[in-house]
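Me: Could you take a close look at one part of this model for me, the surroundings of the ligand? I'd like to know what lines that spot and how it sits in the rest of the chain.

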Amino acid sequence: MAEPELVTQSRPLAAPALVVLAGAAGDLGHRIGLELLARGGLVRALVRPGNAKPAVALLRERGATVVEVGFDDVGALTAACAGAACVVSALSGLRDVIVDAQTRLLDAAVAAGVPRFIPSDYSIDFTKLPAGSNRNLDLRRAFGQRLDGAPIQATSVLNGMFADLLTGQAPVVLFKIRRVLYWGRTDQPLRFTTIANTAAFTAAAALDPTTPRYLHVAGEVATVRDLRAAATSVTGRRFRLLRAGGPWLLQLMIKIARRLAPAPNEVFPPWQGMQYLHNMFTMPPNSAPLDNDRYPDIRWTKVREVLAAKA
Ligand SMILES: NC(=O)c1ccc[n+]([C@@H]2O[C@H](COP(=O)([O-])OP(=O)(O)OC[C@H]3O[C@@H](n4cnc5c(N)ncnc54)[C@H](OP(=O)(O)O)[C@@H]3O)[C@@H](O)[C@H]2O)c1
């Protein structure tokens, strides 16, 4: 009797997912692109015509397809979104970008039949904030309403403050005078995540078709006391706490700063950074559990590691 013919049961190999990345030349954007490529994703990096930033060349070198496109052209954006499993935005700007350009990108994603969209949120949990308390986050809320009304699955990454700002623009850990400046309470939990961790997590989320509407992460949840301990430990010199006043005083300073230097076209004028700090020091402790363990390969950078770079 003839041997039954062996049939090789081959499952079709899943093709690598294509992610369309807007704002790919930016600081966070190009890091998301590199992380996507490192995770086996295909990247179509959207940049404005003529963008010659080194980040764009790097993405191309690592295997991304770079597409120059005007963000006022929904037809061109739709063509650029074709075949994608997810559109990720890392655009930065004011209303014309966060609401208007992202809406055109959203319309394009929907028209191209893209199933998922990750907006350029990457912030503290603005869903818990009163409207009017943070100009830039109000714009994200406004876009979020459009996103929620669109026939596409949305996921926002809420990572708190970029921890990198602690050794940069954020006037909290004051290395020169060895003080940690705060407003209000010493036990307020503050969420910090590095830009690198945010990029890695966003890339993993972009390649994960099962993400919920919001994902919360934090490299560390730290009070100002924790910041003081970390600064003292990494510098070997004693830091103290410096209470600038209650949140009401910061609110007053925001009003004055906004009146004196409104800079309406700047994305991050000083008063906007102050709004961000006010939100962090006054928002109700975030009860949303952290999704840090969702992608176990990510090693979360602690605040003390960030501060050590400055010590
Ligand atoms: N949680 C935090 O503490 C924190 C801190 C900083 C930033 N963020 C957030 O992270 C996200 C990315 O910020 P980032 O620092 O990476 O910004 P970035 O370096 O300034 O990059 C922004 C990108 O957006 C692009 N862009 C701006 N306007 C555009 C327009 N009209 N059309 C098309 N592209 C446009 C820029 O393109 P070009 O290269 O052509 O200029 C650039 O590539 C933003 O949502 C930002 O608010 C969060």
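Reply: Here's a walk through the ligand surroundings, followed by the chain around them. Keep in mind that this is a predicted model.

The shell around the ligand has 22 residues, and the ones that come nearest are Ala25, Gly26, Asp27, Leu28 and Ser92. As for secondary structure, helix 1 (27-38), helix 4 (95-111) and strand 8 (161-162) are the elements that each give two or more residues to that shell. Helix 1 gives the most, with 3 residues. Chemically, the shell is a mix: 11 of its residues are nonpolar, 8 are polar and 3 are charged.

Now zoom out a bit. The protein chain has 10 helices and 14 strands. Its radius of gyration is 22 Å, close to the 19 Å that the globule rule gives for 311 residues, so the chain is as compact as a globular protein of that length. Buried residues account for 39% of those 311.

The chain splits into domain 1 (18-159 + 194-216) and domain 2 (162-191 + 220-285 + 296-308), with C-alpha centres 27 Å apart. Where they meet, 17 residues of domain 1 are in contact with 16 residues of domain 2. On the domain 1 side, helix 5 (135-148) and helix 6 (195-206) each supply at least two of the touching residues, and helix 6 gives the most, with 6. That side of domain 1 comprises 8 nonpolar, 7 polar and 2 charged residues.

Terms used. Residues numbered from 1 in each chain as written. Predicted model: local features only at pLDDT ≥ 70, side-chain atom pairs only at ≥ 80, totals over all residues. Near = placed C-beta within 6 Å. Helix = DSSP H or I, 4+ residues; strand = E, 2+ residues; numbered from the N terminus. Nonpolar A, V, L, I, M, F, W, Y, C, P; charged D, E, K, R; others polar. Rg over C-alpha atoms; globule rule 2.2 N^0.38 Å. Buried ≥ 20, exposed ≤ 12 C-beta atoms within 10 Å, placed from the backbone. Domains from an automatic or database assignment. Contact = placed C-beta atoms within 7 Å.
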